[in-house]
Amino acid sequence: MQIETRNPGDLTPYANNPRKNDHAVPKVAAAIKEFGFRVPVLIKSDGTIVDGHLRCKAAIAAGMKEIPCLLADDMNELQLQAFRLSVNKLSELASWDVSL
């Protein structure tokens, strides 16, 4: 794995990202300010975001000039497409134990 820092304003959102998350940016920005930026954004070396659009938007809103990014250049376009779907859909399979 290769992690590098990038300016979040220089990253390019994936053009076909179907997630709508602008309403969540202030809360995620507040969490980043409280806990730091703990989960890298997955990108291609050209700066296109593979996963982490919301974290990137929140970092910009929080005034960050550098964030950790993990490069995904080892994946082909079909793998990237499948990964984008799986990383977003698999979290929906879990449920919450509200008593905890």
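**Entry 1. Glutamate 4**

I began with glutamate 4, which counts as partly exposed because its relative accessibility is 24%, and burial here would require a value under 20%. The model I am reading is a predicted one. I then looked for a partner of this side chain and found arginine 6: the two meet in a salt bridge, with N to O at 2.6 Å.

**Entry 2. Other charged pairs**

I noted as background that side chains of opposite charge can pair when their charged atoms come close. I recorded a count of 5 salt bridges for the model.

One of them joins lysine 44 to glutamate 77, with the closest N and O atoms 2.9 Å apart. I looked up where the two partners sit. Lysine 44 is in the loop between β2 (41–43) and β3, and glutamate 77 is in helix α3, so this pair ties together parts that lie 33 residues apart in sequence. I also checked the accessibility of glutamate 77: the value is 48%, so this residue counts as partly exposed.

A further salt bridge links the side chains of lysine 89 and glutamate 92, at 2.9 Å from N to O. Glutamate 92 has a relative accessible area of 52% and is therefore exposed, the cut-off being over 50%.

**Entry 3. Arginine 84**

I turned next to arginine 84, which lies in helix α3. Which side chain of opposite charge is nearest to arginine 84? I found glutamate 77, at 4.7 Å. Arginine 84 is buried yet has no salt bridge; the rule asks for a nitrogen within 4 Å of a carboxyl oxygen. Glutamate 77 does form a salt bridge with lysine 44.

I then listed what arginine 84 touches, leaving out residues up to four places away in sequence: Tyr14, Thr48, Ile49 and Val50.

**Entry 4. The largest pocket**

I finished with the largest pocket, which holds about 570 Å³ of space. I recorded the elements that give two or more residues to its lining: α1 (25–35), β3 (49–51), α2 (53–61) and α3 (77–89). Which of the elements supplies the largest share of the lining? I found that α3 does, with 6 residues.

The lining comprises 26 residues, and those nearest the centre of the pocket are Arg19, Asp51, Gly52, His53 and Asn88. I sorted the lining by residue class and obtained 12 nonpolar, 8 polar and 6 charged residues.

I note in closing that helix α3 recurs in these entries: glutamate 77 lies in α3, arginine 84 lies there too, and α3 contributes 6 residues to the lining of the largest pocket.

Key
Residues numbered from 1 in each chain as written. Predicted model: local features only at pLDDT ≥ 70, side-chain atom pairs only at ≥ 80, totals over all residues. Heavy atoms only, no water. 1 Å grid on protein atoms, 1.4 Å probe; cavity = no way out; pocket = protein on both sides within 12 Å on 5 of 7 lines; lining within 4 Å. Points joined across faces, edges and corners; volume = space filled by probe spheres on them. Helix = DSSP H or I, 4+ residues; strand = E, 2+ residues; numbered from the N terminus. Nonpolar A, V, L, I, M, F, W, Y, C, P; charged D, E, K, R; others polar. Buried < 20%, exposed > 50% of the residue type's maximum accessible area, 1.4 Å probe, protein only. Lys, Arg positive; Asp, Glu negative; His and termini not counted. Contact = heavy atoms within 4.5 Å.
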